[in-house]
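Please look at the structure shown below and follow this report from its sheets to its helices and its core.

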Amino acid sequence: MGKLRRSGWRVAACLTALLFLVGICVAVVGNWATANQPRWLDSLLDKHQAAVWIGLAVLAVGGSIVSLLAFRASLDRESSADAGLSGTLGCAGQSKDAVPPTKPDAKSARAAGVVLAVPALSQTSTDSITGRDAELDLVLHLLDPADSVGDTVFPLVAGLPGVGKTSFAHRAASMAVERGWFADRAFFSDLHGYDADGGITAEQLYPLLLRALGVAGDQIPPTVGEQALTYSQVLVRLASDGLAVLLVFDNVSSVRQIVDLLPSGGVHRVLVTSRDSLDDLPRVRVLDLGTLERRHAVAVIGDVLLRRNPTDRRVVDEPTQASELAALCGELPLALQIAASLLADDPDLTIAALVEDLSDLSTRLDGLAYGERGVAAAFELSWQRLVSRDTRASSLFLELSINPGPEIGLPAAAALHNESQSVVRRQLRTLRRARLIEPGTAAGRWTMHDLLRAYAKSLLTVEEDPEEQSAATERLLDYYLAMTIAAGRLGFAPGKPQSDQVLDHTDALVWLDMERPNLVAAVDLAADTNQPERAWKLAVSLSDVLLRSRHFGDAIRVATTGVQAARLGTPGDQIPEAMALGNLAAALRATRQFEHSVKVGRQAIEIAREAGEEHVEGIALNNLGLALRSLRRFHEAVAAHDQAVARLRDSPDRRSTAMALSNLAAALREAGQNGRAIEVLEQSVVISRELGDRRGEAKALNNLGLVLQELPAGDVPQTTVVADAISAHEQAAQIYREVEDGYGEATARDNLGLALQRAERYADAVTVHQQALDFFRQTDDRHDEATALNNLGGALLQDDRVDQAITALEEAVRMYRNTRDAHGEGSALANLGSGYEASDRAQDARQAWTQAVEAFNRAGASEAAQLVQRLLDDD
């Protein structure tokens, strides 16, 4: 550079001297010509033209001076660049005085202070980051300048508004500085990418970053292109000297904001935060920052309160309410901090009171505001950007809030939005990139944060026409109704697929299980939007699905809403009410509310009979028989089932006929009419096999095995009868397994264990009873678990494993008592007394038998009570 300067000066000096001499000569000739004016010049010059010569001389001298000044200016710029690359590198992070801009606009004024130095963690007062250890470890690994092998990958921290991206980035950058990786060469820039004007641009950042990197303000080039070149040169020289720079770009909304600011590689690091994926940004690893785990969310509330008042014990004193508050905030850090600030401002406000204030989702966003901070305000920026980018996607975002469940599948979203699946798939991806929705529990399913849903719901009433809202709701409900009917038929009954979206039996069961929360909530949605016909139809279609999948609580909720909706339906049409009441009776029976079930069932029968609807009456009679059998009113149960078969025998619904026959056989067995029970079961098996109803066939075979176990000795040897019983139960269990009915299989195996005990195969019986018990425990079915324990205890006693038997039987007694099954309690106590007797605990045995007699008497099982009393009398 020194040689260039010296040679440049020599050239400039020679050129200046030459031009100066030419100027003097021109001036002399001009003066002489003007004074003497020879005749030979008369035709060329007059007195006025003499001035031209003087002007030429002046231009020549002036040109030499301008040339000299221009060269000097170029040397100044080179000197400035050299200073940025050498002399000022030692003070990177310090800024010299700069020439202030003239008449800055609002955007320039906002940009003026956008580049801030990042302090070390020990020098910062920023809040701690709770529940983000794994994410911090990953980001710090990516920020470590020592790991510079291959292409550098920058972390992009993405997430929905309010999830804590900025605080996380501050924390990660401060930790990196604390480790000595960047010293005073770490800079944080909020690019305001979600402001209406698009935020800070790279062109505005160049001079600010150059000053931060130590380039004096009066040495920064005037044009953007020159600034970009100098910026790149500074970073290259720093990298070559082993001085790493960390650039944190916060609130970036588009790639163009920062793509030209990214270092080319080496030791420099970049950390970006955004609400979008920024798919086109090169060399990034996206880290999705999700909401917090519940315990960490509660900790955030506690931390805020303790910082404000170290003696605040509200989180400790109200742990349940604190957890509820965290849930109402959706575990979103911004919402949690606002809620905690509200508590901190009012020491007398209990957490329970704040929970009550925020319990209404429709007004929750109004309550989650504190000063200038608010969850809704954070969401507003993302919403406005979405509207400006894709109006159709923004419309879908609003309509997704109509879906009543926690997530939605692509076909349902397409029905809701009245578009093809391919179009809606693209729009869902747009919403995902904007972090306004998140992936659901399976591919093709999407979920929305509760607070975002509330925000979208509030916008829906303002932004979308009420008629279009109603139309969208109706489309969604019609989709759920049609699919429930189709999947229910295919999942639990034979037949061909009713919809091109349900391909086979397995797909139908998967769909029903996955959509259950949506379907249950859809019944309420239909009722709440004054669509009673859709409400009761969906409730009736869903009832059998919920009962078979053993979601009894949902079944009662849906059936109750269905009854209310049916009563609001078409005047004079009572059939929907009868159907809904029949479903409610079945749900009540499943939850062991037998007396209530009988009462509701009789109402359904009466209404159906008055309407002349024999099929509905037959279904209700069948449910009534089941409830009566559970109450051990066996003869009444037989009568109800007989009537059910009579009403259904000529019905085209032969599946219901086969089911009624199978239930009739079970009641006949309990009533001691085993011979007729076998005849009825044979009819049920024939019909089920003709229909291809494998589940119906398995139920009939399982009942047949129970009947065979209780047949008295006759012409056929008992061993043969027991072997037939074992075979029937094994076939039933196998069929249940094939149709993926875990509950049916467990029940068949438990019954198989009883048959094996009759065959004196006690070890085998213990094995199958244990298998049944394991399943019931997984499903949290306490009554069936008690039954399996009682049967297992009996098998263990027969296999001389007395201590294990006592343990199982004692647990069975407790569970029977908890489920208020007096007859089951008596049975388990009778077996337990035998166990105590076998272990020489005579007093305990007498006590257990005495309690068994009392339990049987409470259950109205006098014969059983008498049998146990004999044990006491013989003792």
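How many bridges join strand β2 to β6? In this predicted model, where local features need a pLDDT of at least 70 and side-chain atom pairs count only at pLDDT 80 or more, while totals for chains, interfaces and linings use all residues, five bridges join β2 (residues 154-158) to β6, and the two strands run parallel. Residues are numbered from 1 along each chain as its sequence is written, and side-chain values use heavy atoms, with hydrogens and water left out.

## Overview and confidence

The protein has 37 helices and eleven strands, where helices (H or I, at least four residues) and strands (E, at least two) are DSSP runs numbered from the N terminus. Of the 875 residues in the protein, 49% are buried; buried means under 20% relative accessible area, exposed means over 50%, and partly exposed lies in between, with a 1.4 Å probe and protein chains only. Among contacts (heavy atoms within 4.5 Å) between residues at least 6 apart in sequence, 67% join residues at least 24 apart.

The mean pLDDT, which is the predictor's confidence in each residue from 0 to 100, is 86 for the protein, and 84% of its residues reach 70 or more. Over residues 1-17 the pLDDT is below 50, and this stretch has 16 contacts in the model beyond near neighbours in sequence. Residues 26-35 also have a pLDDT below 50, with 14 contacts beyond near neighbours in sequence. Where pLDDT is low, the predicted coordinates should not be read in detail.

## The six-stranded sheet

Strands of a sheet pair through backbone hydrogen bonds, either parallel or antiparallel; here, two strands pair if DSSP finds at least two bridges between them. Six strands form an open sheet in the order β1-β3-β4-β5-β2-β6, with mixed pairing. β1 (115-117) and β6 (284-288) stand at the edges with a single partner strand each, so one side of each is left without a neighbour in the sheet. From one strand to the next, the twist averages 20°; angles run from 0 to 180 degrees between N-to-C directions, and axes are lines fitted to C-alpha atoms, for helices over the stretch in contact.

Strand β2 also pairs with β5 (residues 269-274), in the parallel sense and over three bridges. The table lists residues of β2 with their partners.

| Residue in β2 | Partner |
|---|---|
| P155 | R285 in β6 |
| V157 | T273 in β5 |
| A158 | D288 in β6 |

Is β2 enclosed or open to its surroundings? Five of the five residues of β2 are buried, so this strand is largely enclosed by the rest of the structure. In a regular strand the side chains alternate between the two faces of the sheet. In β2, F154, L156 and A158 point one way, P155 and V157 point the other way, and all are buried.

P161 lies in the loop between β2 and α5 (165-178), and P161 counts as buried because its relative accessibility is 0%. Leaving aside neighbours within four places in sequence, P161 is in contact with R275, L332, A378, F379, S382 and R435. The C-alpha atoms of P161 and S274 are separated by 9.2 Å, although these residues are 113 apart along the chain.

## The three-stranded sheet

A further open sheet has three strands in the order β9-β11-β10, with antiparallel pairing. Its edges are β9 (407-409) and β10 (438-439), each with a single partner strand, so one side of each is left without a neighbour in the sheet. Two bridges link β10 to β11 (residues 445-447), and E438 stands opposite T447 in β11. Helix α20 (residues 505-528) packs on this sheet, touching β9 and β11, and its direction makes about 125° with that of β9.

## Core and helices

A nonpolar core is a set of buried Ala, Val, Leu, Ile, Met, Phe, Trp, Tyr and Cys residues joined through side-chain atoms within 4.5 Å. The largest has 213 residues, and those with the most contacts inside it include V375 and F397. A second, separate core of 33 residues includes A202, A212, V215 and Y231.

Helix α29 (residues 694-709) is mostly covered, with 14 of its 16 residues buried. The buried residues of helix α34 (residues 802-818) include V802, L809 and Y816, and what covers them includes α33 (782-798) and α35 (822-838). Just after α34, R820 takes a positive phi of about 60°.

Notes:
The expected span of a helix is 1.5 Å times one less than its number of residues.
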